[in-house]
Amino acid sequence: MEIHNPEHSDHTGSPDVRTYFSSPFHDESNTAFAQLISDAVRGINSLKPSDRNSSSFLGESPDLTVSRASAQKAVLKPKGEPFSQVLDDIISTFEGLPNWGHPLNMSNICPQENYAAIAASMLTQIFSPNILETEYAWNTSKAELESSAILADMAGWEAEKSGGIFTYGGSGCWMYQMKYALSRVLPDSREKGIRTDVKIICSEQAHYAMLNSADWTGLGMNNIITIKTLPDSNTMDTDDLERVLQECYTNNVPVASVICTMATTDACAFDPVKDVRKLLDRYPNRPEYGKALLYCDAVIGWSWLAFKNYDFELNPHQFSEPVLRSARKNYEAIREIRYADAFGVDFHKNFSPLTSSLFMYRDKDEFENLLKRESSAYLQERGDYNPHNYSLEVSRAASGSMAGWATLKFLGAEGIQHVLIHGLNNKQYMMQELDQYQDMVCVNQSDHGPVLLLRIYTEQTNASEQYSMELQNSDLKNDLVKHNVLIEKVADHLWKWFREKKIIDGKFTPYLSITKGFRPATYNENTTDPEAVIYALKVYPVSTYITRDEMLHAIRCIRSARDEVM
Ligand SMILES: *Cc1c(COP(=O)(O)O)cnc(C)c1O
């Protein structure tokens with residue numbers, strides 16, 4: 001049997017619309033259905049290259065064929081198209097898309113998808129569990145409940161007292177923390193609206209998702225206060241935080257929440273949660289307001305919690321010395337998450353398909369009661385897990401929670417450790433190799449994340465000396481700007497080569513990123529001069545398929561691109 005559009009076969013003369021839909025019975029159409037899913041997967045697999053030496057996008061054609069203008073002509077056709085044609089059209093839209101796990105894909109935050117998470121999220125599309133309350137979720141809510149318990153335990157919280165809820169992204173987690181904080185600090189804001197300018201405090205390197213939630217909650221983006229970061233570690237400067245908290249305290253300006261970023265995208269910097277907690281206790285809100293919330297934006301850094309039970313002294317997995325040290329630093333930093341009231345987790349930043357984000361809160365009674373709403377007249381609660389009473393969304397797909405849960409179960413602590421170490425090993429290797437080129441310098445040697453940021457200069461330049469002067473000496477600002485332009489040109493050239501399937505030394509070229517603000521020059525601490533900032537090429541070598549060969553090839557390609565743009 002084939003999947004086809006309804007025919008006018010039924011005695012009334014109307015089409016048999018049953019054939020549009022997945023059969024509820026285990027009948028012969030199921031065979032066709034299983035075939036169809038497997039055809040769809042085979043179709044999308046056919047876009048993957050069979051050769052390792054290939055471009056890191058899907059399919060053959062690098063062309064961008066869609067535009068708003070062309071898409072605006074679409075209208076509903078009187079007759080449906082055959083299933084096979086619809087499927088072909090769907091698959092064709094993936095042509096040219098970055099192939100995230102490809103060994104030449106070293107772009108910013110590639111969400112490589114593990115098998116278990118793909119299967120888990122796909123299966124939730126076949127039957128649609130709705131994790132809004134027990135009746136529509138039944139046993140599938142196990143994915144959300146167990147993931148939350150596991151993360152609570154990893155964070156050193158009491159799992160019975162804490163809870164977690166999946167949402168639409170790290171930005172959704174930001175939204176949850178803001179709503180939690182506003183409801184706690186301004187209890188009557190839930191009915192009367194936000195009528196007080198409460199402050200949201202985070203470091204100047206916090207993620208720009210802060211703007212979305214300050215804007216969409218109606219609090220207003222001007223109520224965000226950013227705290228300086230320390231020039232060497234990129235972490236929140238607690239002296240500056242103390243100054244701000246003291247000022248708020250003295251002027252009776254309530255603080256809704258302080259956000260520690262764990263870790264930042266480029267520098268893998270973890271803010272000092274324990275110290276922030278002490279400061280918040282020292283400068284509390286006045287009694288007419290509730291207690292400020294301490295939130296950790298751990299959407300990238302959470303996975304280091306998988307080292308919780310790793311014996312760094314015995315080092316049973318025999319990780320090499322420098323990467324072991326970095327893993328330990330990262331674990332010791334993320335461990336402070338235990339002092340937070342809430343934190344956010346993105347499974348899609350390393351391991352799972354989009355979107356799979358979990359907002360974790362330490363005191364489930366407080367959070368769930370604070371945000372409680374009246375039940376709807378047409379929902380009956382048939383069990384004890386009914387997040388629709390306090391969730392942001394109404395219908396909640398199970399795809400994200402299933403993907404997250406499957407990831408935790410499939411990889412376990414050791415799997416996560418090995419994946420993270422793989423990224424660190426790649427960075428470490430490339431950093432060592434860069435030593436032999438005087439015209440290139442790694443600008444984040446002391447960071448402990450897998451990201452490698454580098455600057456390249458003309459072949460005759462001593463990059464380390466030049467960079468060090470540009471970083472510190474305002475007389476050299478023209479040089480800094482000139483070299484920022486060079487780095488941007490190199491990045492654009494590499495992008496062009498990646499899209500054009502350029503071959504260098506018999507191999508396709510890598511897909512890299514650029515950062516236009518790794519840090520300000522030291523004489524521009526407050527970033528008052530938007531030009532005196534450090535640009536760098538960004539290599540994010542976390543795909544588990546990357547080997548040393550690709551790291552070496554990336555260096556060759558960067559140098560060739562530099563030669564061409566000079
Ligand atoms: C990616 C990221 C976000 C935003 O998360 P989305 O899942 O893209 O919505 C927020 N904070 C940090 C630190 C991030 O890296």
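Start by selecting Gln318, which is exposed, with a relative accessible area of 64%. Exposed here means over 50%, so Gln318 belongs on the outer side of that cut-off. You are looking at a predicted model, so keep that in mind at each stop.

**Stop 1: two residues with a positive phi**

Stay on Gln318 for a moment. Its phi is positive, about 55°, although the residue is not a glycine. To place Gln318 in the chain, show the loop that runs between strand 5 (293-297) and helix 12 (321-334).

Now select Cys268. Here too phi is positive, at about 55°, and Cys268 is not a glycine. Is Cys268 buried or exposed? Cys268 is buried, because its relative accessible area is 11% and the cut-off for buried is under 20%. You will find Cys268 in the loop between strand 4 and helix 11.

**Stop 2: two cis peptide bonds**

Keep the loop between strand 4 and helix 11 on screen, since Ala263 lies there. Select Met262 together with Ala263: the peptide bond joining them is cis, with omega about 10°.

For another cis bond, move to Leu354 and Thr355. The peptide bond from Leu354 to Thr355 has omega near -25°. Thr355 sits in a loop as well, between strand 6 (342-346) and strand 7 (357-361).

**Stop 3: Cys260 in strand 4**

Next, select residues 255-261, which form strand 4, and highlight Cys260 within that strand. Cys260 has 0% relative accessibility, so Cys260 counts as buried.

Which residues does Cys260 touch, leaving aside those up to four places away in sequence? Show Asp271, Val273, Val276, Leu294, Tyr295, Cys296 and Asp297 to see them.

If your viewer has a distance tool, try it from Cys260 to Leu123. Their C-alpha atoms are 35 Å apart in space, and the two residues are 137 apart in sequence.

**Stop 4: the kink in helix 14**

Select residues 399-434 to bring up helix 14, which has 36 residues. How far apart are the end C-alpha atoms of helix 14? They are only 42 Å apart, short of the 52 Å that a straight helix would reach at 1.5 Å a residue. Now colour Gly412: a kink of about 85° in helix 14 is centred on this residue.

Bring back the surrounding residues as well. Helix 14 is largely enclosed by the rest of the structure, because 26 of its 36 residues are buried.

**Stop 5: Arg559 in helix 17**

Move on to helix 17 (residues 548-565) and pick out Arg559 in that helix. The relative accessible area of Arg559 is 19%, so Arg559 counts as buried. Leaving out residues up to four places away in sequence, Arg559 touches Tyr437, Asp439, Met440, Ile456 and Glu459.

**Stop 6: the second largest pocket**

Turn on a surface and look for the second largest pocket, which holds about 780 Å³ of space. To centre your view, select Gln205, Ala206, His207, Tyr208 and Thr265, which lie nearest the centre of this pocket among its 36 lining residues.

Which helix gives the largest share of this lining? Helix 7 (residues 170-185) does, with three residues. Sorted by class, the lining of the second largest pocket has 16 nonpolar, 13 polar and seven charged residues.

**Stop 7: the cavities**

How many cavities of 30 Å³ or more are there? The count comes to two.

For the largest cavity, with a volume of about 210 Å³, select Ile300, Asn350, Leu420, Pro450 and Tyr540. These lie nearest the centre of the largest cavity, which has 21 lining residues. Its lining divides into twelve nonpolar, eight polar and one charged.

Finish at the second largest cavity, where about 60 Å³ of space lies. Show its lining, including Leu245, Cys248, Tyr249, Pro284 and Arg286. Three of the lining residues of the second largest cavity come from helix 10 (residues 238-250), and that is the largest share. By class, the lining of the second largest cavity has eight nonpolar, two polar and one charged residues.

Definitions and conventions
Residues are numbered from 1 along each chain as its sequence is written. This is a predicted model: local features need pLDDT of at least 70, side-chain atom pairs count only at pLDDT 80 or more; totals for chains, interfaces and linings use all residues. Side-chain values use heavy atoms; hydrogens and water are left out. On a 1 Å grid over the protein atoms alone, a cavity is a set of points where a 1.4 Å probe fits but cannot get out, and a pocket is an open set with protein on both sides within 12 Å along at least five of seven lines; lining residues have an atom within 4 Å of a point. Grid points are joined across faces, edges and corners, and a volume is the space filled by probe spheres set on the points. Helices (H or I, at least four residues) and strands (E, at least two) are DSSP runs, numbered from the N terminus. Ala, Val, Leu, Ile, Met, Phe, Trp, Tyr, Cys and Pro count as nonpolar, Asp, Glu, Lys and Arg as charged, and the others, Gly among them, as polar. The expected span of a helix is 1.5 Å times one less than its number of residues. The bend at a residue is the angle between axes fitted to the seven residues ending there and the seven starting there. Buried means under 20% relative accessible area, exposed over 50%, partly exposed in between (1.4 Å probe, protein chains only). Contact means heavy atoms within 4.5 Å.
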